[in-house]
Each structure stands twice: as C-alpha cells, then as structure tokens.
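Load the model in a viewer and keep the selection panel open. The tour below moves from one selection to the next and says what is found at each stop.

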Number of protein chains: 2
Amino acid sequence: MQSMDVPEVVVLRLPLYVRALTQLQMGGTEVVSSQQLGAHLQMTPAQIRKDLSYFGRFGKQGRGYNIQFLLKELRDILGLTKEWRACLVGVGRLGRAIINYTGFAPEGFTIVAAFDSNDDQVGTDVGGIQVLPMGDLAKVIAKQDVTIGIVAVPAVQAQPVIDILVKGGVKGILNYAPVAPQVPLGIVMRNIDPVLSLQSMTFYLKDG
Amino acid sequence: MQSMDVPEVVVLRLPLYVRALTQLQMGGTEVVSSQQLGAHLQMTPAQIRKDLSYFGRFGKQGRGYNIQFLLKELRDILGLTKEWRACLVGVGRLGRAIINYTGFAPEGFTIVAAFDSNDDQVGTDVGGIQVLPMGDLAKVIAKQDVTIGIVAVPAVQAQPVIDILVKGGVKGILNYAPVAPQVPLGIVMRNIDPVLSLQSMTFYLKDG
DNA sequence: GCCCGTTTGTGAATCCTGTAACACGAATCG
DNA sequence: CGATTCGTGTTACAGGATTCACAAACGGGC
C-alpha cells in the first residue's frame, strides 16, 4: 500500500492540487509547470514537485504537467473516482445546512441517510432525506454501503455518537462538533471547527 | 511582539488547550497535569509543556497547572478577552447557516453585519440582521469596528469579495468558499472546507 | 541531427517539530 | 525535618519536512 510512507501533510495538499488543476482546466489551460501551479497556490515549485514525486513521474522535463493526465492520476491516488456514501447524524440547524450543501455531490460525496436521537425529528423529511432513528444506524450503514459518518450533534453527544458510528462500521468521520473526539486506530477523522480557526486567528490580530 | 518566534503550529494548538481546560473546569477540576491534559487531547505531555513554555511559566512543579489561571493566561495570549466583530458576505444557504450558528457568540465572536451582491437579498432580514448592499461594506467596517470578514459566496466570487473586504479594512478572513484565495501579507486567513477534508480522508479509506 | 532554453525528478543540505531526558522546585509523609 | 514523590521547564537529540541545486530529459528551431 502506497499510503505507508507518504507523509500526511503531503496527502492533505493533494486535494488542493486537484482543485487548482480543475480550475486551470476550466480556464482552458492544458499544460502547467510547477512554477505556475505554485504561483497559483502560493507555494514553492519544489514542494509541488517533491509532493508529486512520492506517487510517480507525471511531468515532462521542459514542458510541465499535462493537466488532464495529472488530474486523472491524482483522483486515482486520492480515491476520488468512486462515489462515496455518507450518513449524517444530527439534523438540527447545522445538520440541515450540511444536507442542503451543494458542494458535496459534484465531488462524489453523497449523503444517503440521516439520523437523529430526537423523536420529534425522526420520520420528518430533510432535503429529500428521511430522518431515521439512531437504532437503525448499524443496519443502514451495512445495507447502504456507507463508509463515512458526518457528525452534527451538540458537543456532549459527539463522542457517544462517534462511538456508535464506528461500531456501526464507518471508516471515516467528518466531525462538526466542537470537541476533539477519540477514535480507534484505523478510523480517519477530520474536524470542521470554525471557532478554533477564529481563535487562532485572533492571536495574530490582537495587536496588529 | 511575542508572536514573532512562536511557531504557527503551536498557536494552532492553543485553542485546543483552551477548550479542553474549559471542559475540565466545567467538570469541577481545579488543577491538571500535562499528563492528564495530554491524555485528554491524545498528545504527549512533553509537547504541551513545550508549547506553554513559549509564553511563560504557568505550572507548579509537583502539582500541575491551575486551570482557572492557565485559562485566563491562554485567553489573554490568544486575544480572546475582547469581543471580536465580524461581517458576513453572502447570505445564501451557507451564509444563513453561519448567521444562525450558535457556536460563535459564546466565544466572543459577533456577526454585526451581512452583505450580498444580489439585490433580491438586500434589505431582507436574516437571523435578525439586515442584509446590506456591497457598496456599504467599507463604511460599515469602519463605523462598526469590524475586524473579521466571513466569506460565504460561490467560488468564483470569493477572490473579488475578499479583495473588497481587505480594501475595506478587515484584518482576518474566514473563508468558506472552495478556493485558495490570495491575500496580502498581514492579513490572516483561515479556510473552512469540508470537501478538502473528505478528499484527503478518502486516500486512507480507498483500500482499507 | 544538433543546439538551446526550459522544467522535471531527486539526493543533499537546511530548517523545523516533536520527543526524551533531566535538573530543579514544591508538596507530602513519616 | 530529611527523604521521597511528583511534575514542571529546559536542553539536547532524533526524525520529518522543506528547500536547494543540479543532472537528465524534452521540444522547438534551424
């Protein structure tokens, strides 16, 4: 498995490359150098070349990278060629916003089910998705081939919900709750936390 | 200015400490060791002690850290003792969700104004905030002491909107648009991008 | 076919971050 | 009151990541 000796920071940058390349492609560009791509993303050409070199040789000396080809390769590497199925837990304000967010589908991420522990929510329809009781979670994950759990519950419920999701069989967790939850080895977690972002921002703003 | 030689990674971790300490405080704990805090956050005690040592000596040998005291110090360091005023640009679905998000206010972040370039939106009320035309932006930023701009517009509009915000005088940008915008030196930017998070996650999921 | 400007891929060198080790202060206990 | 335990702050070190520098490769022009 190639993921073994690729630094995680590198993996975190790959989606940025995918996005920048897609944008350039939209603009009609067919070939790009690490120089140009670096200018676009505000990073050094050397870093881009080094990052890519972990996975293969995609460029041509003297020319640069063929965008279409590199994009296909990067999508393969990241596993973006298939549809990824996710379920959402928590259909409060935040959860509803996530379901209705139009940015996931075009990238191949589909929310196929929603759950809530509140009986008033269960049975209602949110953005075309039936809200199910937490008890159905394991069954749905298995039947619907769900690999990603999205957590949009209040802080105190986050850890128990994540435990249930993991036990249910999801392999990745996208956590919107303002906590730093613990997950067993082998489960991939990403936190979305605007408050943390703001709190580190103010450090630099406070006496500027 | 202390911010000069403190590594950015360290600054990014400070809000995590604030959060964990707050949680412990809620639970009634008064003193905590780097050991315990590390267990809570899944990091080594050494790292916590090193991080804190960039800013001063907050602990007592043999005892640990007084939570109330350390919290006060960290809040000071991060600049979290004052109210931070932000404005939002873009009151589509995402923008509305951000305005209604209840997580900002308790941490001292207030959204005091909202803008949109769409004339149909201008004048409407969203979550108790009047939506203003983009033209009023500079004026409002100055008059209302706004230091942070929150961007919730479609990708193509993000860069121009950010340019306007910066010219208008904000010092920090919280960007929800799926792009990697360029900002002049001295402006602090943080990106909130769940799609990027998912795309780096799938790298590890794709053949697990 | 050969030269020339360009740009890649990659060791080597540098910089940065995290970890381990330890000396010292503070509290506790008999 | 001396010995012991605990946990900090700090220094030294190891491991990673980033940048540098250059040989090798490519394409175009002639």
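In the residue classes used on this tour, Ala, Val, Leu, Ile, Met, Phe, Trp, Tyr, Cys and Pro count as nonpolar, Asp, Glu, Lys and Arg as charged, and the others, Gly among them, as polar. This is a predicted model, in which local features need pLDDT of at least 70 and side-chain atom pairs count only at pLDDT 80 or more, while totals for chains, interfaces and linings use all residues. Residues are numbered from 1 along each chain as its sequence is written, chains are lettered from A and ligands numbered from 1 in the order in which they are written, and side-chain values use heavy atoms, with hydrogens and water left out.

**Stop 1: DNA strand C**

Select DNA strand C and the residues near it, where near means that a heavy atom of the residue lies within 4 Å of the strand. There are 25 such residues, and A:Ser34, A:Arg49, A:Gly59, A:Gly62 and A:Tyr65 come nearest. Of the strand atoms within 4 Å of the protein, 58% belong to sugar and phosphate. The residues of this surface divide into 5 nonpolar, 11 polar and 9 charged.

Next, pick out individual polar contacts (pairs of N or O atoms within 3.5 Å; within protein, one must be able to donate a hydrogen and the other to accept it, and residues adjacent in sequence count only if both atoms are side-chain atoms). A polar side-chain atom of A:Tyr65 is 2.6 Å from a phosphate oxygen of DNA strand C. B:Gln47 also places a polar side-chain atom by a phosphate oxygen of this strand, at 3.3 Å. At B:Gly62, a polar backbone atom lies 3.1 Å from a base nitrogen of DNA strand C.

Now colour by secondary structure; helices (H or I, at least four residues) and strands (E, at least two) are DSSP runs, numbered from the N terminus. Two or more residues of the surface near DNA strand C come from each of H3, strand E2 (59-60) and strand E3 (64-66) of chain A, and from each of H1 and H3 of chain B. H3(B) gives the most, with 4 residues.

**Stop 2: DNA strand D**

Switch to DNA strand D. Which residues come nearest to it? Of the 26 around it, they are A:Arg13, B:Ser34, B:Arg49, B:Gln61 and B:Tyr65. Sugar or phosphate holds 67% of the atoms of DNA strand D within 4 Å of the protein, and bases hold the rest.

Zoom in on A:Arg13, where a polar side-chain atom lies 2.9 Å from a phosphate oxygen of DNA strand D. At B:Arg49, a side-chain N or O atom is 2.9 Å from a base nitrogen of the strand. A backbone N or O atom of B:Gly62 lies 3.0 Å from a sugar or linking oxygen of DNA strand D. The largest share of this surface, 4 residues, comes from H3(A). By class, the surface near DNA strand D has 5 nonpolar, 11 polar and 10 charged residues.

**Stop 3: chain B against chain A**

Hide the DNA and select the contact (heavy atoms within 4.5 Å) between the protein chains. Chain B supplies 59 residues and chain A 58. The area buried between them, meaning the accessible area (1.4 Å probe) lost on being put together, summed over both, is about 5700 Å², with 69% from carbon and sulfur atoms. In chain B, B:Arg19, B:Gln199 and B:Phe203 lose the most area to chain A, together 12% of what that side buries.

Between the chains there are 2 salt bridges, each a side-chain nitrogen of Lys or Arg within 4 Å of a carboxyl oxygen of Asp or Glu. One to display joins B:Asp193 and A:Arg19 (2.5 Å, N to O). Polar contacts link 19 residue pairs, both residues at pLDDT 80 or more. On the side of chain B that touches chain A, H8(B) has the largest share, 12 residues.

Definitions and conventions
Buried area = accessible area lost by both parts, 1.4 Å probe.
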